[in-house]
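Me: I should like a close look at one part of this model, namely the paired strands, followed by the helices that come later in the chain. Please give a connected account.

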Amino acid sequence: MVQKKGDAVIIKGSKFYYVLMFLATVGFLIACIFLIIHGSKFNSKYSFFYLGGGIIFSPFYLYITLWNLPGFIPGKILLKIVPGEHGTVITNKSKVSIKNIRNIDLVRNPLNLINDIVIETFEDKKVKIRTYNLLDDGDFQVIVDQFIFPYLTDNARQVWDRKIDLDKLREEDNYIRQEHKIE
């Protein structure tokens, strides 16, 4: 969800993804507990499967749920973008100048399965912004292309152009890149 507040653009998670993440984490954890309870009654010939499945999968879903809990805070701001020639990307922990961005990408963390926005700067610094899977890949590409791309350096713009497919964004998100006056 993109909100404009004065000069800043505030990026929040989508309500649809809040519901989806709640069902995927807490819902599956509740389902595992349900399987353990009904499997321990041994009133079906599948009770061992219920019990085994619940015991095997409940630690995994508990782990994923604990990693995603900070994302369930209502109205959580993922990042702020102040577009412009001296624009910045502001997170809770850091502030990065748009002119200093060498590469920006959405990367899935293999340990907790959460997408992170990874910003690499020209100073070889990496800034990771946790999205808690509340930001869609297409929405991320549109946000970067609309608010950050016009103010990147030429090399960073070429790298970004190689990453995205504007035809796919046009089909899926009805996004058309605006021609910006860049000097």
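Reply: In this predicted model, Ile11 has Leu79 of strand β3 as its bridge partner. That bridge belongs to the pairing of strand β2 (residues 8–12) with strand β3 (residues 77–82), which is antiparallel and runs over four bridges. Strand β3 also pairs with strand β4 (residues 88–90), again in the antiparallel sense, over three bridges. Within this second pairing, Lys80 is matched with Ile90 of β4. Five residues lie between the strands of the β3 and β4 hairpin, and Gly84 in that hairpin adopts a positive phi near 140°.

The account now turns to the helices. Helix α3 covers residues 137–148, and its 12 residues should span 16 Å at 1.5 Å a residue; the end C-alpha atoms are 16 Å apart, so the expected and modelled spans agree. Buried residues in α3 include Gly138, Phe140, Val142 and Ile143. Val144, Asp145, Phe147 and Ile148 of α3 are buried as well.

Helix α4 (residues 154–163) contains Arg157. Arg157 counts as buried because its relative accessibility is 13%, and the cut-off for buried is under 20%. The side chain of Arg157 has polar contacts with two backbone oxygens. The backbone oxygen of Leu152 is reached at 2.8 Å, while that of Phe149 lies 3.5 Å from a polar atom of the Arg157 side chain. Arg157 is thus a buried residue of α4 whose side chain contacts the backbone of Phe149 and of Leu152.

Notes: Residues numbered from 1 in each chain as written. Predicted model: local features only at pLDDT ≥ 70, side-chain atom pairs only at ≥ 80, totals over all residues. Heavy atoms only, no water. Pairing = 2+ DSSP bridges. Helix = DSSP H or I, 4+ residues; strand = E, 2+ residues; numbered from the N terminus. Buried < 20%, exposed > 50% of the residue type's maximum accessible area, 1.4 Å probe, protein only. Polar contact = N/O pair within 3.5 Å; in protein donor to acceptor, adjacent residues only side chain to side chain. Expected span 1.5 Å × (residues − 1).
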